[in-house]
Amino acid sequence: MSRWPRSVYEVGNEPDPRFSLANERTFLAWLRTSLALMAAGVGFAALGPVGDVLDLAVAVALLVTGVACSLSALQHWIACERALRLGEPLPSPWMAAVLGVGLAVTGVLAAILVITR
Amino acid sequence: MRRHPWDPGLQVERTALAWMRTCLSMIVVALIAFRFAAHTSLAAALALAAVVVPMALVSLRLAWRRYRTSDANLTSGKRLPDGTLPLAVTIVTALTGALGLVYVLVDR
């Protein structure tokens with residue numbers, strides 16, 4: 001029976017299972033991060049300051065980032081698993097940088113909204 | 001039958017717990033969204049809860065099975081399960097976000 005994804009399991013050698021398990025836990029931690037972003041987005045939309053365009057923008061930004069995080073989590077898991085099998089260095093977690101900057105901007109925006117209304 | 005775990009660092013068990021946390025978070029997020037959406041559109045709220053919660057429960061069940069498989073495979077020198085369940089939970093998570101987005105955009 002072939003294992004999914006083929007791009008991972010058709011290359012290299014079986015890595016130490018502990019590394020694969022650690023990779024899996026990192027993937028799951030990213031999924032929880034994306035779920036937290038989604039909860040924040042829905043919460044902000046429901047409980048946000050007034051309901052104008054700006055706080056809709058914050059809510060949408062949080063939800064879109066959440067969806068992007070979940071997709072990039074899987075992409076990163078695949079890339080890491082591949083690197084582990086090929087004995088290559090792990091790929092850089094580029095989504096971490098995007099998330100860091102994005103959350104800082106969203107946080108400042110949300111703070112302005114909450115303080116000024 | 002009593003036996004030693006495959007890894008003294010309990011990697012398999014910790015991974016299983018990470019799966020549980022993730023699936024439970026999914027249920028919590030769906031219920032939060034349900035709670036908020038129910039105020040304005042009960043139909044949308046029910047749709048969201050009716051789609052995400054059962055999927056999360058199925059994921060929880062499959063994650064438990066994955067733990068049993070991983071443990072059994074590793075103790076008998078076989079390979080870990082593949083990426084099918086990671087793919088499935090990614091889809092459910094992205095779907096949760098998409099439904100949240102629909103609620104936020106439609107709801108005003």
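This passage describes a predicted model with chains A and B, from its confidence scores to the interface and selected residues. Residues are numbered from 1 along each chain as its sequence is written, while chains are lettered from A and ligands numbered from 1 in the order in which they are written. Local features need a pLDDT of at least 70, side-chain atom pairs count only at pLDDT 80 or more, and totals for chains, interfaces and linings use all residues, with side-chain values taken from heavy atoms and with hydrogens and water left out.

The confidence scores make a convenient starting point. The model reaches an ipTM of 0.94 and a pTM of 0.94. For chain B, the average pLDDT (the predictor's confidence in each residue, from 0 to 100) is 92, and 97% of the residues score at least 70.

The interface comes next. Chain A and chain B each bring 39 residues to the contact, where contact means heavy atoms within 4.5 Å. Between the two chains, about 3400 Å² of area is buried, and carbon and sulfur atoms give 74% of that area. Buried area here is the accessible area (1.4 Å probe) that two parts lose on being put together, summed over both. On the chain A side, the residues that lose the most area to chain B are Arg25(A), Arg32(A) and Leu35(A), which together make up 18% of what that side buries.

Polar features also link the chains. Nine residue pairs are in polar contact between chain A and chain B, with both residues at pLDDT 80 or more. A polar contact is a pair of N or O atoms within 3.5 Å; within protein, one must be able to donate a hydrogen and the other to accept it, and residues adjacent in sequence count only if both atoms are side-chain atoms. Two elements of chain A, α2 (17–47) and α3 (53–86), give two or more residues to the side that touches chain B. Helices (H or I, at least four residues) and strands (E, at least two) are DSSP runs, numbered from the N terminus. The largest share of this side, 21 residues, comes from α2(A). By residue class, the side of chain A that touches chain B holds 24 nonpolar, seven polar and eight charged residues. In this scheme Ala, Val, Leu, Ile, Met, Phe, Trp, Tyr, Cys and Pro count as nonpolar, Asp, Glu, Lys and Arg as charged, and the others, Gly among them, as polar.

Salt bridges can be followed across the whole structure. A salt bridge is a side-chain nitrogen of Lys or Arg within 4 Å of a carboxyl oxygen of Asp or Glu. Over all chains there are five, and the count between chain A and chain B is one. That interchain bridge pairs Glu24(A) with Arg66(B), whose closest N and O atoms lie 2.9 Å apart. Both Glu24(A) and Arg66(B) are buried, with buried meaning under 20% relative accessible area, exposed over 50%, and partly exposed in between (1.4 Å probe, protein chains only). Within chain A, Glu10(A) bridges to Arg6(A) at 2.8 Å between the closest N and O atoms, and Glu10(A) is exposed at a relative accessible area of 58%. Arg18(A) forms a salt bridge with Asp16(A), with 2.9 Å between the closest N and O atoms. Both partners are partly exposed, Arg18(A) at 37% relative accessible area and Asp16(A) at 25%. Shared partners join Arg3(A), Glu14(A) and Arg85(A) into one network of salt bridges.

Two residues of chain B show contacts beyond their sequence neighbours. Cys23(B) sits in helix α1 (residues 11–40) of chain B and is buried, with a relative accessible area of 1%. Neighbours within four places in sequence aside, Cys23(B) is in contact with Ala56(B), Ser59(B) and Leu60(B). Asn73(B) belongs to helix α2 of chain B and counts as buried at 16% relative accessibility. With the same exclusion of neighbours within four places, Asn73(B) is in contact with Lys78(B) and Arg79(B).

Backbone geometry completes the survey. Most residues other than glycine have a negative phi, and most peptide bonds are trans. Trp4(A) and Pro5(A) are joined by a cis peptide bond with omega about -5°, and Pro5(A) lies in the segment before α1 (6–9) of chain A. Leu10(B), a residue other than glycine, has a positive phi near 55°. Leu10(B) is placed in the segment before α1 of chain B and is partly exposed, with a relative accessible area of 37%.
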